[in-house]
Amino acid sequence: MLKKAPKLKSIIKTKSKNNINVRPTSEAMIELLALLFLNSLAEEAKTKAFEEKSATIRAPHVRAISKKMLKKSRG
């Protein structure tokens with residue numbers, strides 16, 4: 001597991017079709033949004049694990065929730 005959040009600026013630049021300038025404040029907001037998404041994903045996976053009477057969050061719990069969370073995050 002990573003101890004530090006990855007630099008999303010380079011990921012955004014590689015996946016974009018044209019040249020995008022991302023300022024440091026925008027980069028910080030993007031990283032915060034990603035961390036909020038991961039936090040909500042972990043919370044939903046935790047509730048799914050408790051529904052299945054499991055003490056730990058496993059990969060099937062995250063997979064089951066991820067599709068629903070991605071749809072919700074799109075708007």
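## A tour of α2, α3 and the loop between them

Start with E52, which is partly exposed at a relative accessible area of 45% (buried means under 20%, exposed over 50%, partly exposed in between, with a 1.4 Å probe and protein chains only). The model is predicted, so local features need pLDDT of at least 70 and side-chain atom pairs count only at pLDDT 80 or more, while totals for chains, interfaces and linings use all residues. Residues are numbered from 1 along each chain as its sequence is written, and side-chain values use heavy atoms, leaving out hydrogens and water.

**Salt bridges.** Keep E52 selected and add K48: the two form a salt bridge, with the closest N and O atoms 3.8 Å apart (a side-chain nitrogen of Lys or Arg within 4 Å of a carboxyl oxygen of Asp or Glu). K48 is partly exposed, at 23% relative accessibility. A search of the whole structure finds 2 salt bridges. To see another, select E44 and K68, whose closest N and O atoms are 3.7 Å apart. E44 lies in helix α2 and K68 in helix α3, so this pair ties together parts 24 residues apart in sequence (helices are DSSP runs of H or I, at least four residues, numbered from the N terminus). Both ends are partly exposed: E44 has 24% relative accessibility, and K68 has a relative accessible area of 46%.

**The loop.** Next select S54, in the loop between α2 (24-51) and α3 (59-74). At 12% relative accessibility, S54 counts as buried. Setting aside neighbours within four places in sequence, S54 is in contact with A49 and H61 (heavy atoms within 4.5 Å).

**Helix α3.** From H61, extend the selection to I65 and M69; these three are the buried residues of α3. Their cover includes α2. Now centre on S66, where α3 has a kink of about 35° (the angle between axes fitted to the seven residues ending there and the seven starting there). For the whole helix, pick the end C-alpha atoms: they are 22 Å apart, which agrees with the 22 Å that 16 residues should span at 1.5 Å a residue (1.5 Å times one less than the number of residues).

**The surface of α2.** Finish at M29, found in helix α2. Add L32, L35 and L38: with M29 they form a nonpolar surface patch that has about 400 Å² of accessible area together. Patch residues have over 30% relative accessible area and no salt bridge; like charges are joined within 9 Å, and nonpolar side chains (Val, Leu, Ile, Met, Phe, Trp, Tyr) within 5 Å. Accessible areas come from the Shrake-Rupley method with a 1.4 Å probe, and for residues only the protein chains shown count as cover.

Definitions and conventions. Helix = DSSP H or I, 4+ residues; strand = E, 2+ residues; numbered from the N terminus.
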